[in-house]
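Subject: Handover of a structure

Dear colleague,

Please find below the structure that I am handing over to you. My findings follow directly after it.

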Amino acid sequence: MGEVVQLVVFVMAFISCNALLDLSGVHQVKGTWMGSTTLPCTYMPSEGFTQQTLIWSMERDYSTSTIFRRDDSGDHVLLSRFRDRVSIPKHSPGNASLLIENLEIPDSGHYTCQVIWRSKNNSLITKEVTTMVKVVKVPVTKPIIRAGELGLAVPAGARTSLTCVASGSPPISYRWFRSGPGGKALLLSSQAELAWDSLRPSDTGKYYCEAENRVRAGAVQQSDAVELTVRESPVTQQPSPETDRHSRPPLTPRGDAPQQVPTGAPRAPPPPHLYALAAALGGAALGALLAALLRWRRNKAEPLYEVVFHSTADVTRLETDVEVPVKCLHKETNSKTETSNDTFAMKDNGHDSICIRKNPDADLL
């Protein structure tokens, strides 16, 4: 009875492991000539089982050839015509999918993915899945035009581009044209992208592109035309000095610096008390001027005398409080030489005196 139970447990574990390690794939994949495709082959990793060997093989014309092998020694491409064209993801447990690049027509066939696991008791489990690959040549499709970030209405001087996009078997060649008057077209470029570094108003116009591949030689696909509009850049007018003077904000003083007021700004009328103060100051100044003028006229009317004493004896002290009668004799003045003063001679108590009367008009000059 115990042996039967152990056998049932072993069978159930085997069935469970086979279910966990089952490979997933697709039955058919259509690849584009000169393109690339991926053949799916995946499984769910299970604890206690380690991938031992991975093999991809191809069957064509009743002949099977190994394309790729991965084991403890590394990855190996065994068919020379697939070298540098096939790969399998690394460091991705459970993913054994095969990527084929630059598909050729002879790549069509049946591809088999085979995975071998080793269990803890060194038993081996093998699973495989087969996918049919058909490589076809796809004619180029009608291209579409994709505008740059700025769209089809762009300001002058900006940078933009137009891109021609088509699908089909590569390589795909592109040509750009600009519609001209009378239905004529001007060839601009043989690249997929038509770019401008600095647009000009003269670049405004209708543009279209063509796409072609090697399938169905001569079958050229043409896109719909798009119209590119280049807007004139707005002219920046320089402000006139008068406008600039009125629009300039007043300067804000800092510290003790005097405040600067714009010359063109309208000024507020002064308060009325400033007029009264100015009138009072003007009246005071006029009064002072008149008083000075009156004093000058009065001084001019009175004759001025200057007395010069010539001592004939040694005089040590002049008694100022003794009245000395003085007689001044008029002396004729030479009109040619002495015009500024009148001189009088005086003699008293042993003193010779000369009395001189000044001419006020001379002082005035």
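**Confidence of the model**

The protein has a mean pLDDT of 76, and 65% of its residues reach 70 or more. Please bear in mind throughout that this is a predicted model. Among the elements, strand β7 has the highest mean pLDDT, at 97, while strand β20 (residues 329-330) has the lowest, at 44. Two stretches call for caution. Residues 4-17 have a pLDDT below 50, and beyond near neighbours in sequence this stretch has one contact in the model. Residues 305-358 also have a pLDDT below 50, but here the model shows 76 contacts beyond near neighbours in sequence. Where pLDDT is low, the predicted coordinates should not be read in detail.

**Overall architecture**

The protein contains four helices and 22 strands. It comprises 365 residues, of which 24% count as buried. Among contacts with a separation of 6 or more, 56% are between residues 24 or more positions apart. The exposed surface amounts to about 25600 Å², with carbon and sulfur atoms supplying 55% of it.

**Nonpolar cores and a surface patch**

The largest nonpolar core is made up of 29 residues, and those with the most contacts inside it are L39, W56, L98, I100, Y111, C113 and W117. At least two residues of this core come from each of β3 (49-60), β4 (63-71), β7 (98-100), β8 (109-119) and β9 (124-136). Strand β7 is thus both a contributor to this core and the element with the highest mean pLDDT.

What does W117 touch, leaving aside residues up to four places away in sequence? Its partners are L21, L23, Y43, F49, T50, Q51, Q52, S123, L124, I125 and K127. Apart from the largest core lies another, of 19 residues, which includes I145, L194, L228 and V230.

On the surface, L286, L289, L290, L293 and W296 make a nonpolar patch of about 510 Å². One of these residues, L293, is located in helix α3 (residues 272-301). L293 has a relative accessibility of 47% and therefore counts as partly exposed.

**Backbone features**

The peptide bond from P170 to P171 is cis, with omega near 0 degrees. P171 is found in the loop between β12 (160-165) and β13 (173-179).

Two residues other than glycine deserve a look for their positive phi values. For Y62, phi is near 60 degrees. Y62 sits in the loop between β3 and β4, and its relative accessible area of 84% makes it exposed. For D84, phi is near 65 degrees. D84 belongs to the loop between β5 (74-77) and β6 (86-87) and is likewise exposed, at 76% relative accessibility.

**Salt bridges**

How many salt bridges does the structure hold? There are eight, and I describe three of them here.

The salt bridge between R85 and D107 has its closest N and O atoms 2.9 Å apart. R85 lies in the loop between β5 and β6, and D107 in the loop between β7 and β8, so the pair ties together parts that are 22 residues apart in sequence. Are these two residues buried or exposed? R85 counts as buried, at 11% relative accessibility, and D107 is buried too, with a relative accessible area of 0%. R85 and D107 are also linked with R81 in a network of salt bridges.

R159 and D197 form a salt bridge whose closest N and O atoms are 3.4 Å apart. This pair links distant parts of the chain, 38 residues apart: R159 is in the loop between β11 (153-155) and β12, and D197 is in the loop between β15 (193-196) and β16 (205-212). R159 is exposed, with a relative accessible area of 62%, and D197 counts as exposed at 58% relative accessibility.

Finally, D71 forms a salt bridge with R69, with 3.1 Å between the closest N and O atoms. D71 is partly exposed, with a relative accessible area of 23%, and R69 is partly exposed as well, at 30%.

With kind regards

Methods: Residues numbered from 1 in each chain as written. Predicted model: local features only at pLDDT ≥ 70, side-chain atom pairs only at ≥ 80, totals over all residues. Heavy atoms only, no water. Buried < 20%, exposed > 50% of the residue type's maximum accessible area, 1.4 Å probe, protein only. Contact = heavy atoms within 4.5 Å. Areas by Shrake-Rupley, 256 points an atom, 1.4 Å probe, with all protein chains shown as cover. Core = buried A, V, L, I, M, F, W, Y, C linked by side-chain atoms within 4.5 Å. Patch = residues over 30% accessible without salt bridge, like charges linked within 9 Å, V, L, I, M, F, W, Y side chains within 5 Å. Salt bridge = Lys/Arg side-chain N within 4 Å of Asp/Glu carboxyl O. pLDDT = per-residue confidence, 0-100.
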